[in-house]
Amino acid sequence: MKRKSTKHSIPTRYTLLILTGFCIIVMFVSFTLNLSGGPLNTVAGYVFVPMQKGINTIGTWFLSRADDLKSLRDVMQENRKLQAEVDKLTQELSTIKLEQYELDNLRELMELDQKYPSYEKVAAHVIGNDSGNWFSIFLIDKGENDGIEKDMNVIAGSGLVGIVIDTGPNYAKVRSIIDDASNVSGMSLSSADRCIISGNLATMNEQQVIGFTDLKCDDDAVKTGEQMVTSHISDKYLEGILIGYVSSIERDSNNLTYSGTITPAVDFQHLREVLVILDKKNMGDKQEDPGSQNTQKKTKQQKQEGGQ
């Protein structure tokens with residue numbers, strides 16, 4: 001059986017060291033003997049010039065990459081500064097928009113306050129509402145300590161919001177006119193024809209309207225766009241507060257009354273501030289008919305008391 005012949009190979013690292021040493025010796029001899037134009041210079045030209053070019057190229061590449069890295073760091077730092085400025089300006093813009101929105105709301109409340117100057121009012125913030133998109137029943141941050149009582153009217157935006165249904169020392173609960181349990185005696189502003197305006201969350205979700213029924217009026221006396229306000233015969237709502245605008249109307253099957261829908265004057269999806277009217281509707285304060293029996297009895301009793 002033949003034995004395999006073993007081949008001896010020099011490791012790569014040793015070969016590299018030998019070549020490096022050889023190059024150093026050649027350089028030393030070349031500079032020591034100063035053999036210009038000799039064979040050593042010729043060898044050096046073929047060996048070291050390409051090496052020097054390669055080293056210069058590599059050095060230039062690393063220097064370029066270092067410059068690029070420095071530029072990238074500068075750009076990233078500048079970008080962080082710009083991003084911080086953008087975040088700051090965005091926050092300031094959001095604050096300005098919020099302040100502008102609150103200012104617009106306060107301006108609306110001020111205009112609404114001037115629209116009903118004869119009533120004493122107190123401003124309040126909405127602090128909570130029932131589940132859902134609409135403020136049908138909600139809480140405000142003012143209550144009995146601020147003079148608010150049950151059955152007081154609440155207004156906002158351009159007109160009627162609803163009525164106070166419960167109070168606490170520092171809060172009150174309001175039922176709005178769009179709630180399913182709400183019924184308001186309304187009337188046409190131009191003709192004074194009365195109707196019943198009922199809340200309806202289903203139609204608010206579908207068309208953002210509520211309904212009215214039992215409107216008795218002459219033909220074409222009430223048209224779309226007509227303003228509907230609280231009537232004088234309402235037992236809880238003060239007279240003349242804007243409820244909304246007629247959006248549709250049709251004659252009932254009995255040919256005597258009309259029904260339709262009303263677009264509320266208040267945005268019941270974005271309520272934030274309201275005004276509570278501290279004056280309550282007092283049915284006993286209504287002016288009585290001079291010819292009524294009650295008035296005649298009171299007059300006779302007053303005369304008798306005056307004669308005593």
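This briefing describes the fold, the strand pairing and selected residues of one protein chain.

The model is predicted, and its protein chain contains four helices and 12 strands. Two closed barrels of six strands are described below: one runs S6-S7-S8-S11-S10-S9, and the other runs S1-S2-S5-S4-S3-S12. The mean pLDDT of the chain is 80, but residues 285-308 remain under 50.

**Overall composition**

- The protein chain has 308 residues, of which 29% are buried.
- Its exposed surface amounts to about 20,800 Å², with 54% supplied by carbon and sulfur atoms.
- Among contacts with a separation of 6 or more, 58% link residues that lie 24 or more positions apart.

**Confidence of the model**

- A pLDDT of at least 70 is reached by 73% of the residues.
- Strand S5 (residues 172-176) has the highest mean pLDDT among the elements of the chain, at 97.
- Helix H4 (residues 293-307) has the lowest mean among these elements, at 41.
- For residues 285-308, where pLDDT stays under 50, the model has 10 contacts beyond four places in sequence.

**The barrel containing S1 and S2**

- Pairing is antiparallel in the barrel of six strands ordered S1-S2-S5-S4-S3-S12.
- Neighbouring strands of this sheet are turned against each other by 45° on average, with direction ignored.
- Within this barrel, strand S1 (residues 121-129) is joined to strand S2 (residues 137-140) by three bridges in the antiparallel sense.
- Gly128 has Leu139 in S2 as its bridge partner.

**The barrel containing S6 to S11**

- The six strands in the order S6-S7-S8-S11-S10-S9 also close into a barrel, and their pairing is antiparallel.
- From one strand to the next, the twist in this barrel averages 40°.
- Strand S6 (residues 183-188) is largely enclosed by the rest of the structure, because five of its six residues are buried.
- On one side, S6 runs antiparallel to strand S7 (residues 194-198) and is joined to S7 by five bridges; Asn183 has Ser198 in S7 as its bridge partner.
- The hairpin of S6 and S7 has five residues between the strands, and Ala192 in this hairpin takes a positive phi near 65°.
- S6 also pairs with S9 in the antiparallel sense, over three bridges, and Gly186 stands opposite Thr230 in S9.
- Strand S9 (residues 227-230) pairs in turn with strand S10 (residues 242-251), again in the antiparallel sense and over three bridges.
- In that pairing, Met228 stands opposite Gly244 in S10.
- As general background, strands of a sheet pair through backbone hydrogen bonds, in either a parallel or an antiparallel arrangement.

**Positive phi at residues other than glycine**

- Asp214 has a phi near 60°, which is positive although the residue is not glycine.
- Asp214 belongs to strand S8 (residues 210-215).
- Asp214 counts as partly exposed because its relative accessibility is 47%, and the range for that class ends at 50%.
- Asn255 likewise has a positive phi near 60° and is a residue other than glycine.
- Asn255 is located in the loop between S10 and strand S11 (258-264).
- With 51% relative accessibility, Asn255 counts as exposed, because that class requires over 50%.

How values were computed: Residues numbered from 1 in each chain as written. Predicted model: local features only at pLDDT ≥ 70, side-chain atom pairs only at ≥ 80, totals over all residues. Heavy atoms only, no water. Buried < 20%, exposed > 50% of the residue type's maximum accessible area, 1.4 Å probe, protein only. Contact = heavy atoms within 4.5 Å. Areas by Shrake-Rupley, 256 points an atom, 1.4 Å probe, with all protein chains shown as cover. pLDDT = per-residue confidence, 0-100. Pairing = 2+ DSSP bridges. Axes fitted to C-alpha atoms, helices over the stretch in contact; angles between N-to-C directions.
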